[in-house]
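Here is a short note on the model you sent round. Please read it with the coordinates open.

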Amino acid sequence: MAEKKAYAVIAVGGKQYRVREGEWLLVDRLAVEEGKTFHPDVLLLGGDGEPKLGDKLKGQQVTAKVTEHVLGEKVIVGKHKRRTGYRRRNGHRSRLSQIEIQTIGKQATREPAAKKTTTTAKKTTTTTKKEKAAE
């Protein structure tokens, strides 16, 4: 029997993708540098029994790495209206980011940072000539 792998539904750039560990994905350009990792929003985790949604996702995250920023294929758009001589030709190449899904599941546990104690100095008040005259 084939081994069941965990999968997740993540939200990146306003779109949702179903991903597994080790997959490569082309998404709209991200504001993350090449080689850096990030954690997209997790909407659903599944593959191991019952799927997890909502509150059951606490402590769960997906780690993705931006491998490179690329340009998509060139798309040519043509417009034409008959009998009027109206013809337009335009094209564009989408700016995309290629990401690799590294891990799906529990987030890495970090030790809590030591609490900083701050002390506030007493404020000194100064009185103006007008306030003195009013006293």
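The points below go from the overall fold to single residues.

1. The model is predicted, not experimental. Everything that follows should be read as a description of that prediction.

2. The secondary structure of the chain consists of seven strands and one helix. Read from the N terminus, the order is β-β-β-β-β-β-β-α, with the helix coming after the strands.

3. How are the contacts spread along the sequence? Taking contacts in the chain between residues at least 6 apart in sequence, 67% join residues at least 24 apart.

4. The chain has 135 residues, and 23% of them count as buried. Its accessible surface is about 11700 Å². Carbon and sulfur atoms account for 48% of that surface.

5. The largest nonpolar core is made up of 18 residues. Within this core, I10, V19, I99 and I101 have the most contacts. The elements that supply two or more residues to the core are β1 (7-12), β2 (15-20), β3 (24-28), β5 (41-46), β6 (60-81) and β7 (86-106). As general background, nonpolar side chains in soluble globular proteins tend to be buried together.

6. V19 is a convenient place to inspect the core, being among the residues with the most contacts inside it. Which residues does V19 touch, leaving aside its neighbours within four places in sequence? The partners are Y7, A8, I10, L25, I101 and I104. Two of these names, I10 and I101, also appear among the residues with the most contacts inside the core.

7. Q60 deserves a separate look. This residue is in strand β6. Is Q60 buried or exposed? Its relative accessible area is 15%, which is under the 20% cut-off, so Q60 counts as buried. Apart from neighbours within four places in sequence, Q60 is in contact with V42, L45, K52, G105 and K106.

8. The structure holds one salt bridge. It is formed by the side chains of K15 and D28, at 3.1 Å from N to O. K15 belongs to strand β2 and D28 to strand β3, so the pair ties together parts 13 residues apart in sequence.

9. Both partners of the salt bridge are partly exposed. For K15 the relative accessible area is 38%, so this residue is partly exposed. For D28 the value is 33%, and this residue is partly exposed too. Both values fall between the 20% and 50% cut-offs, which is why neither K15 nor D28 is classed as buried or as exposed.

How values were computed:
Residues numbered from 1 in each chain as written. Predicted model: local features only at pLDDT ≥ 70, side-chain atom pairs only at ≥ 80, totals over all residues. Heavy atoms only, no water. Helix = DSSP H or I, 4+ residues; strand = E, 2+ residues; numbered from the N terminus. Buried < 20%, exposed > 50% of the residue type's maximum accessible area, 1.4 Å probe, protein only. Contact = heavy atoms within 4.5 Å. Areas by Shrake-Rupley, 256 points an atom, 1.4 Å probe, with all protein chains shown as cover. Core = buried A, V, L, I, M, F, W, Y, C linked by side-chain atoms within 4.5 Å. Salt bridge = Lys/Arg side-chain N within 4 Å of Asp/Glu carboxyl O.
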